[in-house]
Amino acid sequence: MAKTEKSIAEKTRIEVKEPKRYVVYLLNDDFTTMDFVVKVLMLYFGHNPRSAFDIMIKVHKEGKAACGVYPFEIAETKVVQVHSYAKANNFPLRAIFEEE
C-alpha cells in the first residue's frame, strides 16, 4: 500500500463529540409551597431530601437554583414534567433550562 493511501478504517473514522449540556433551573414564585418544591426535586431530579431542601432554600433566597445538568432532550423533558406536575397541583412553579 502506498504511503498516501489511507486504510478503510482511517477513511471512515467518525469524530464523536460530547453533546451540549443544559442546566435546568427552578424559579421562585410567591405561591408554590416549599414542600411542593422539595417533592419536585426528589421526584423529577432524583435529589435526596437534604439536597432537595438545600436547593429549595436557594431558589427561595436567590430567585432560581440549578436542579441538574442534562443533554438537551432530557432537560426539555424535565421542564415539561415540572410544569405539568405543578399545573396539575395548582401551583405556578416554573422551570427553565440554559446551555451550560
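This is a short tour of a predicted model, one selection at a time.

**Stop 1: the whole chain**

Start with everything shown as a cartoon. You should find four helices and three strands, and if you trace the chain from the N terminus, the elements come in the order α-β-α-α-β-α-β. The chain has 100 residues, and buried ones make up 32% of them. Now think about which parts of the sequence meet: of the contacts between residues at least 6 apart in sequence, 72% join residues at least 24 apart.

**Stop 2: the sheet**

Select the three strands together. They form an open sheet in the order β2-β1-β3, with antiparallel pairing. β2 and β3 are at the edges with a single partner strand each, so one side of each has no neighbour in the sheet. Turn the view a little and look at the twist: on average, neighbouring strands are turned by 30 degrees against each other, ignoring direction.

**Stop 3: strand β1 and its partners**

Next, pick residues 21–27, which are β1. How many of the seven residues of β1 are buried? Five of them are, which leaves the strand mostly covered.

On one side, β1 pairs with β2 over seven antiparallel bridges. Show Tyr22 and Tyr70 to see one spot along this pairing: Tyr22 stands opposite Tyr70, which belongs to β2.

On to the pairing with β3, also antiparallel, this time over six bridges. Here you can click on two pairs:

- Tyr25, whose bridge partner in β3 is Ile96.
- Leu26, which stands opposite Ala95 in β3.

While the side chains are on, keep a general point in mind: in a regular strand they alternate between the two faces of the sheet.

**Stop 4: helix α3 on the sheet**

Add residues 49–62, helix α3. This helix packs on the sheet and touches β1 and β2, and its direction makes about 125 degrees with that of β2.

**Stop 5: helix α4**

Now select residues 72–88. This is α4, with 17 residues; from first C-alpha to last it reaches 24 Å, close to the 24 Å expected at 1.5 Å a residue.

Which residues of α4 are buried? Colour Ala75, Lys78, Val79, Val82, His83, Tyr85 and Ala86 to see them. A bit of helix geometry helps when you look at their spacing: an α-helix has 3.6 residues a turn, so residues three or four places apart point the same way. What do the buried residues of α4 pack against? Their neighbours are β1, α2 (34–45), β2 (64–71) and β3 (94–99).

Stay on this helix and click Thr77, which is found in α4. Thr77 has 41% relative accessibility and therefore counts as partly exposed. Draw a distance from its C-alpha to that of Tyr44: the two residues are 33 apart in sequence and 10.0 Å apart in space.

Just past the end of α4, stop at Asn90, which takes a positive phi of about 60 degrees.

**Stop 6: where α2 meets α4**

Finally, show α2 and α4 together. They pack at an angle of about 140 degrees, and their axes are 11 Å apart. That angle makes α2 oblique to α4, and the crossing is right-handed.

To see the contact itself, turn on side chains on both helices. From α2, the residues involved are Phe36, Lys39, Val40, Leu43, Tyr44 and Phe45. They meet Lys78, Gln81, Val82, Tyr85 and Ala86 of α4. Compare this with the previous stop: Lys78, Val82, Tyr85 and Ala86 are among the buried residues of α4.

Notes:
Residues numbered from 1 in each chain as written. Predicted model: local features only at pLDDT ≥ 70, side-chain atom pairs only at ≥ 80, totals over all residues. Heavy atoms only, no water. Helix = DSSP H or I, 4+ residues; strand = E, 2+ residues; numbered from the N terminus. Expected span 1.5 Å × (residues − 1). Buried < 20%, exposed > 50% of the residue type's maximum accessible area, 1.4 Å probe, protein only. Contact = heavy atoms within 4.5 Å. Pairing = 2+ DSSP bridges. Axes fitted to C-alpha atoms, helices over the stretch in contact; angles between N-to-C directions. Parallel < 35°, antiparallel > 145°, perpendicular 65-115°, else oblique. Left-handed = near helix turned anticlockwise from the far one by under 90°.
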